[in-house]
Amino acid sequence: MLGLKLPTDPRWVNIAEKNLKEILIDHAYCEQKAASTAISLIVSFPEFTELTQAMVDLVQEEMSHFKMVHDELLKRGFEMGRDRKDEYVLQLIKFFPKGGSRIDQMVHRLLYAALIEARSCERFKLLSEELKDKDLRVFYKKLMISEANHYTMFLNFARQYGDREEVDKKWQALLDFEAEIMKDLSKKESIHG
């Protein structure tokens with residue numbers, strides 16, 4: 001369903017299991033960044049009313065997810081900790097060239113967002129199935145469903161606003177690039193790394 005070309009190495013769950021604090025902190029920041037991305041799309045492309053309305057809803061949902069993860073951290077006696085760079089995202093956003101038309105810029109940002117949500121969904125699915133902590137398995141199953149919806153929403157907007165054939169070519173090329181990135185990741189205690 002997600003179209004990812006390289007699945008996460010299942011051993012990543014063992015890393016996550018041994019580093020729940022770090023996974024939860026990283027996850028909280030991922031939710032914050034997702035809300036920021038939605039706000040940025042509103043600011044950058046306000047004339048696209050349907051996109052703007054969807055992003056307003058997404059900001060609220062992502063911040064509610066942030067609160068859920070933050071509450072989970074506090075419940076376990078953990079503090080938020082400092083944000084760190086997301087190596088996955090930093091590498092991913094190098095794919096599309098800078099510049100181009102306004103529509104191209106929007107489509108590229110939507111495709112990046114779709115892929116990040118798809119990878120998050122895949123990781124949350126693994127956590128929901130493989131973690132020993134039953135409460136966290138339920139927690140991640142709920143969030144996995146949301147991520148799947150976000151992935152399809154971003155991809156559908158890219159296809160709606162860009163030329164469908166061109167968008168689909170870019171999407172496939174981005175998926176191939178992401179698979180190469182993932183060969184060097186899945187070794188760290190982070191949602192994408």
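## A walk through an all-helix chain

Colour the chain by secondary structure and follow it from the N terminus: the elements run α-α-α-α-α-α-α. That makes 7 helices and 0 strands, where helices are DSSP runs of H or I with at least four residues, strands are runs of E with at least two, and numbering starts from the N terminus. Now zoom out to the whole chain: the radius of gyration is 16 Å, close to the 16 Å that the globule rule gives for 193 residues, so the chain is as compact as a globular protein of that length. That radius is taken over C-alpha atoms, and the rule is 2.2 Å times the number of residues to the power 0.38.

Before clicking further, keep in mind that this is a predicted model, in which local features need pLDDT of at least 70, side-chain atom pairs count only at pLDDT 80 or more, and totals for chains, interfaces and linings use all residues. Residues are numbered from 1 along each chain as its sequence is written, and side-chain values use heavy atoms, leaving out hydrogens and water.

Switch to confidence colouring next. The chain averages a pLDDT (the predictor's confidence in each residue, from 0 to 100) of 93, and 98% of the residues score at least 70. Select helix H3, residues 49-75, for the highest confidence, at 97, then helix H1, residues 12-18, for the lowest, at a mean of 90.

Stay with H3 and pick Thr-52, which lies in that helix. Is Thr-52 buried or exposed? At 17% relative accessibility, Thr-52 counts as buried; the cut-offs are under 20% relative accessible area for buried, over 50% for exposed and partly exposed in between, with a 1.4 Å probe and protein chains only. Leaving aside neighbours within four places in sequence, show Ile-42, Phe-45 and Pro-46, which are in contact with Thr-52 (heavy atoms within 4.5 Å).

For a contrasting stop, go to Pro-10, in the segment before H1. Pro-10 is exposed, with a relative accessible area of 59%. Draw a distance from its C-alpha to that of Asp-133: the two residues are 123 apart along the chain, and the atoms are separated by 17 Å.

Finish with the whole chain again. The C-alpha trace spans about 45 × 35 × 30 Å along its principal axes, and 48% of the 193 residues count as buried. Turn on contacts between residues at least 6 apart in sequence: 81% of them join residues at least 24 apart.
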